[in-house]
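Here are my notes for you, written as numbered points. Keep the structure open while you read, and look up each residue as it comes along.

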Amino acid sequence: MTHEARVYGGSLYDLAKEENLTEVMLEQMKEIKALFRENPDYFTLLSEPSISKKDRVGLIDEAFGAQAEKYLVNFLKLLCERGLIREFPGCTDEFIARFNKDNNICEAVITSAVALTDSQRGALKEKLEKMSGKTVEIIEKVDPEMIAGIKVELEGKSLDGTVNARVDSISRKLSELVV
């Protein structure tokens, strides 16, 4: 994450907190970040120097002006005017990090060979919340390369219960014995 993303995202978070809009803006920022990811041409258009700033800002107004919180729309316009619209995903990440810290929330990235069932997800969430003492938000990833098992990344720690990791561990132990 760049310095600009930290500063701008942090400033927006402070404003949202002051105005009691953190939850609303958090959800809207996540949605806009997803829209930018799904529509890279639109995102590129907002940073295209051959299009006037006025026109690019107009595109933001047209797309988000009536739907998003006014502070967030103005924030997008500011990034666009300053040629920093590409920093928006990082600003969103900083906003989320500050929100999570203030609300005792942590994110757990769960990677598995197949999607988890609701009961598996619930049981895993409960166990991770007991371990961390925080509210856990689960981000799921499916990796078909994985044979079986799951890998959990939580607060900088990795818990790898995949068959791939077990096979790697056995291979290392065998190579140590052979040498």
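1. How many helices and how many strands are there in the protein chain? Count along with me: there are 8 helices and 4 strands. Before you go further, keep in mind that this is a predicted model.

2. Now for the order of those elements. Starting at the N terminus, they run α-α-α-α-α-α-β-α-β-β-β-α. The chain is more spread out than a compact globule, because its radius of gyration is 21 Å, well over the 16 Å that the globule rule gives for 179 residues. As for the outline, a box of roughly 70 × 35 × 30 Å, taken along the principal axes, is what the C-alpha atoms fill.

3. A few totals are handy here. Of the 179 residues, 34% count as buried. The accessible surface of the chain is about 11100 Å², and carbon and sulfur atoms hold 52% of that. If you take the contacts with a separation of 6 or more, 65% of them are between residues 24 or more positions apart.

4. Next, have a look at the largest pocket. Its volume is about 180 Å³. Two elements give two or more residues each to the lining, namely helix 6 (88-102) and strand 1 (105-112). Helix 6 gives the most, with 5 residues.

5. Which residues line that largest pocket? You can pick them out one by one: D93, I96, A97, N100, K101, N104, I105, C106, E107 and K134. Sorted by kind, the lining has 4 nonpolar, 2 polar and 4 charged residues.

6. One of those lining residues, N104, deserves a second look. You'll find N104 in the loop between helix 6 and strand 1. Its phi is positive, about 55 degrees, although N104 is not a glycine. N104 counts as partly exposed, because its relative accessibility is 39% and that class lies between the 20% and 50% cut-offs.

7. Another asparagine to check is N20. N20 sits in the loop between helix 1 (3-18) and helix 2 (22-38). Phi of N20 is near 60 degrees, again a positive value in a residue other than glycine. Is N20 buried or exposed? N20 counts as exposed, because its relative accessibility is 69% and exposed means over 50%.

8. Then jump to I85, in the loop between helix 5 (70-81) and helix 6. I85 has a relative accessible area of 1%, so it is buried. What is I85 in contact with, once you leave aside its neighbours within four places in sequence? The list is F43, L46, S47, I60, L76, L79 and C80. You could also check one distance yourself: I85 and F75 are 10 residues apart along the chain, and their C-alpha atoms are separated by 9.6 Å.

9. Last stop: T111, which has its place in strand 1. T111 counts as buried, because its relative accessibility is 12% and buried means under 20%. Setting aside neighbours within four places in sequence, T111 is in contact with K141, D143, M146, G149, I150 and K151. Try finding each of these partners on screen, starting from T111 in strand 1.

Conventions: Residues are numbered from 1 along each chain as its sequence is written. This is a predicted model: local features need pLDDT of at least 70, side-chain atom pairs count only at pLDDT 80 or more; totals for chains, interfaces and linings use all residues. Side-chain values use heavy atoms; hydrogens and water are left out. On a 1 Å grid over the protein atoms alone, a cavity is a set of points where a 1.4 Å probe fits but cannot get out, and a pocket is an open set with protein on both sides within 12 Å along at least five of seven lines; lining residues have an atom within 4 Å of a point. Grid points are joined across faces, edges and corners, and a volume is the space filled by probe spheres set on the points. Ala, Val, Leu, Ile, Met, Phe, Trp, Tyr, Cys and Pro count as nonpolar, Asp, Glu, Lys and Arg as charged, and the others, Gly among them, as polar. The radius of gyration is taken over C-alpha atoms; the globule rule is 2.2 Å times the number of residues to the power 0.38. Buried means under 20% relative accessible area, exposed over 50%, partly exposed in between (1.4 Å probe, protein chains only). Contact means heavy atoms within 4.5 Å. Accessible areas come from the Shrake-Rupley method with a 1.4 Å probe; for residues, only the protein chains shown count as cover.
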